[in-house]
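Q: Please examine closely one place where two helices pack against each other. Describe the geometry, the residues in contact and any charged pairs.

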Amino acid sequence: AYIPTGVGALICLLVVYGLPRRRHQVLIVAGILALVATAWLGWSLLTGPRAALLTPEWFQQTVTRLQFSQQQMLPSWWLSAGLLETAHHGWDQGMLFFCVLAANALMLRQAAVWIAGRWYRTAYGQLRAMSTRRKQTKHFWLDRVILVALPCPLPFRLMLLKDLRLFRRDASQWSQFLLFFALLGFYFLNLRQFEAESRTVGWDNMMSFVNLTVVGLILSTLTTRHVYPMISLEIRRMWLLGLLGVDRSVIVWSKLVFAMGAALVPCALLVLASDMMLGISLMLQVSHQATCLLLCLGLCSMAVGLGARMPNLQEDSPPRIAAGFGGTLNLVIGAGYIVLIVMLAAMPWHLHALASQPVAMDYLESRPGFLWWLRLWLWGGSLGSVLLTFVATFIPLRSGFRAFRLMEP
């Protein structure tokens, strides 16, 4: 850990030292490098060699792609090589690799101290001396849409706009959304690499619902981490909102609408990408989008309702609030809700897809009652998922509204 920390400190000092004078050049170069790295990664994933899944050739290609981790200039290789040499040939070679690690760590520390002694004060002074002249404020296009086109009262629009701006300005929030959904997107876009002859209708259908479950579980984690603490953090500013005359119900509804807007669009797009890569039928795609809507509504309602019902006023850090009793309870209930919703929607559609195969037609013709029972379960499962979402939405929100109205700031 000491070696990458030293490298990061050196890079930070160099950037800060040259940033005030070459700010635009540094940002342009960093953006170009990020785009090139992203394009290279996407191209390598989409155009790489393909082989049948779980075959010797597939394993060989996978190991070949991971050979970059065996570079002998990486500290991780020094550590693993030292441990292996110690286990096989004694302490001599192991101590040699340990000394290499320690020497590089101390060298980077000394370099960081030396450069900081020469540049830190100058870099800090340049940053503090940068022009503080404010530019003319321009609203982001989404802010203008919320302020002008959203058909709701002005206090509601202002609360929604405040949450949106806080989300944009807090890199710890949108970076986690971007990381999780980008990884899922890369996975879904590579589903077509599975050999077509090894796939069946039942396999595609099963994988589509597994992917839907994964999206729901990640959404449950993100709502617990980011949506649940919002009410607890808002209570600390309740005196200011009270002076502004904002009704408390407006605060809770704005949190729910904001959470739904931030969750529904990326989740629906990810599920659509998964279905398109698997070649799912249009009717099943519509069912997946409806299930995704139910998941977003239920999970966001539970996070907002439980956050208002069981706020944590002793902490001002969102991760600590989410790690408390209320956040853990929200995560557990959300996981159970996801399993029930997907089971109610998945099992009937899975059996319906299998029943359409020629092998199952003879069995169904000899048992007409089974087909009637399957159709009943198909509609009953969809109705049950809607009723379950209604319960998961109504009860937490009702309890949260009641507790939030009676709460003293």
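A: The account below moves from the packing geometry to the salt bridges.

This is a predicted model, in which local features need pLDDT of at least 70 and side-chain atom pairs count only at pLDDT 80 or more, while totals for chains, interfaces and linings use all residues. Residues are numbered from 1 along each chain as its sequence is written, and side-chain values use heavy atoms, with hydrogens and water left out.

Helix H7 (residues 154-169) packs against helix H12 (residues 248-278) at an angle of about 50°, the axes lying 9 Å apart. Helices here are DSSP runs of H or I with at least four residues; axes are lines fitted to C-alpha atoms over the stretch in contact, and angles run from 0 to 180 degrees between N-to-C directions. H7 and H12 are therefore oblique to each other, a class left after angles under 35 degrees (roughly parallel), over 145 (roughly antiparallel) and 65 to 115 (roughly perpendicular).

The contact (heavy atoms within 4.5 Å) includes Phe156, Asp163 and Phe167 of H7 and Trp253, Lys255 and Phe258 of H12.

A search of the whole structure finds two salt bridges, each a side-chain nitrogen of Lys or Arg within 4 Å of a carboxyl oxygen of Asp or Glu. Lys255 forms one with Asp163, the closest N and O atoms being 2.8 Å apart. This pair joins H12 to H7 across 92 residues. Both Lys255 and Asp163 are buried (under 20% relative accessible area, with exposed over 50% and partly exposed in between, for a 1.4 Å probe and protein chains only). Lys162 also meets Asp163 in a salt bridge, at 3.2 Å from N to O, and Lys162 is partly exposed at 24%. Lys162, Asp163 and Lys255 thus form a network of salt bridges.

Notes:
Helices (H or I, at least four residues) and strands (E, at least two) are DSSP runs, numbered from the N terminus.
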